[in-house]
Amino acid sequence: MTISGELARFAAQVDANKLPDRARETIRLLMLDVAGLCVAARNNDYIAAARASAASTGLATAFGHGGGFGPYDAALINGTAAHGEDYDDTFEGGPVHAGAVIVPAVLAVAEHRRLHGASVVKGIAVGVEIMCRMSLVAPQATHKASFHPTAVFGAPAAAAGVAAALGLPAEKIAHAIGVAGSLASGIIEYLADGSWTKRLHAGAAAQAGIRAALLAEGGFTGPATVLEGQHGFYKAFAPSKAPDFTPLLDRLGLSWVLETVAFKPYACGTMTQPFIDCAIELARSGVKADDVVSMVCEVGEGTVHRLWAPLKQKQSPPNGYAAKFSTPYCIAVGFIDRKAGFEEFTDARVADPNLRKLAGTVSYVIDPKNEYPKNFTGHIRATLKDGTVREVRKAHMRGGAHEPLSGGDILEKFYDNARFGGWSRNRAVSLAEALDRIAAGSSADLTIARG
């Protein structure tokens, strides 16, 4: 059997009611986190642009926007909003942002087809599990090829998730995955200037997944060897490394890696998170910004081209979005503000001369023993004006598998994000309750989230 055939068989057989409790809870929290992020971003200029591109009306909801949309437009808007501030879930080992792709895709189709919660849970379980596992097949090679893993893995994973939610048979799910291989895309040139295309990637992948699933439902075919073939997915998107499909298929359906999805405490790039914790700890120890001569960080080689290089540019990011992918800036703002939320990544905040001065002291050395991408660590060695050296290490990412955020933490993050988006606490509570009803099996009705 081909790889996509194995994935399709798994997707068709998943029973939402037989998922482990932890997997079901992760799915509930993913819906909550994604919805809050969509509300938080709803008034931003890039969402206004995404909404202006919509060309449909229908039954699907774009969180925080009036009226109903067709599933393609709802998925695009919600996926773009969920990923837009880089505050969404991540998967250690990938990294990929599965929730921001799969949740918008499945919810849009669920409203469009009036599906019930069991179908939603099944679709999200299938999509998130496949997307996370796909990221483990050729570690680092996708980024090395200048593609964004969330974008390219998101399309076939969303196709499988949507097809599973629709109850398609394994044969058609395999075709959906095959079709999605030709719809996947997303390059990382946004790193050059902080432009918006990374924000688009999750929504575009969700949209592509829906398109592939509905095409397959209608009888359209895709290559059975889309993943492992001579001209296949990994050959195209990860050419520097021979794919190892063991982590994709090993104990598939028996062991759920989605249970280890990480929820971010900070609104910026995944691998910057433990460095921010290091910076906050250093500041709380009594070190002042003016005391710092230099901060040198030990890093994984695979993170350098996205988060550290070119160093001068990363020390002076051109705008708030670019700052999210600058570890020097993230360290500086964490040190000075002792947080890294939405307010820390505005264009005005990034232009602050005190932040830029401190970011200019931050540099890196490559640690050949660094565990990236299997584990995300943090380290700062600060040299002070009096000649003393202070060193802080974090062995893992807070919010990840080693130190997960609690359900209460994620709920409060949801409320904070809804408040940032201009919603009252009562309205946020109503949306949280509606999502909980869907997770428990009720019909997929999100009209409470419109407007």
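A nonpolar core is here a set of buried Ala, Val, Leu, Ile, Met, Phe, Trp, Tyr and Cys residues joined through side-chain atoms within 4.5 Å. In this predicted model, the largest such core holds 117 residues, and the members that touch the most others are Leu227, Tyr234 and Leu431.

Leu431 shows which parts of the chain meet in this region. Once its neighbours within four places in sequence are set aside, Leu431 is in contact with Ala35, Val39 and Phe63, and also with Phe414, Trp423, Leu446, Ile448 and Ala449. Apart from the largest core lies another, made up of 45 residues, which include Ile276, Val287, Val299 and Tyr321.

Aromatic rings form a second theme, since a search of the whole structure finds 17 aromatic pairs. One of these is formed by Phe275 and Trp308, whose rings meet edge-to-face, with 6.1 Å from centre to centre and 75 degrees between the planes. This pair links distant parts of the chain, 33 residues apart, with Phe275 in helix H13 (residues 273-284) and Trp308 in the loop between helix H14 (304-307) and helix H15 (311-315). Phe275 and Trp308 are both buried. Elsewhere, ring pairs join Phe147, Phe153, Phe233, Tyr234, Phe237 and Phe245 into a cluster, and Tyr234 of this cluster is also among the residues that touch the most other members of the largest core.

Charged side chains also lie over aromatic rings, as the two cases below set out.

| Charged residue | Ring | Distance to ring centre |
|---|---|---|
| Arg211 | Tyr72 | 3.9 Å |
| Lys413 | Tyr87 | 4.1 Å |

The strands can be described from E3 (residues 378-384), which is mostly covered, with 5 of its 7 residues buried. Strand E1 (residues 292-299) runs antiparallel to E3 and is joined to it by 4 bridges, while strand E4 (residues 389-394) pairs with E3, likewise in the antiparallel sense, over 6 bridges. Ala382 can be followed across both pairings: Met295 stands opposite Ala382 of E3, and in E4 the bridge partner of Ala382 is Arg390. E3 and E4 together form a hairpin, with 4 residues between the two strands, and in the turn Gly387 has a positive phi of about 90 degrees.

Conventions: Residues numbered from 1 in each chain as written. Predicted model: local features only at pLDDT ≥ 70, side-chain atom pairs only at ≥ 80, totals over all residues. Heavy atoms only, no water. Phe/Tyr/Trp six-rings, centres within 6.5 Å; stacked < 30°, edge-to-face > 60°. Buried < 20%, exposed > 50% of the residue type's maximum accessible area, 1.4 Å probe, protein only. Lys NZ or Arg CZ within 6 Å of the ring centre and 35° of its normal. Pairing = 2+ DSSP bridges. Contact = heavy atoms within 4.5 Å.
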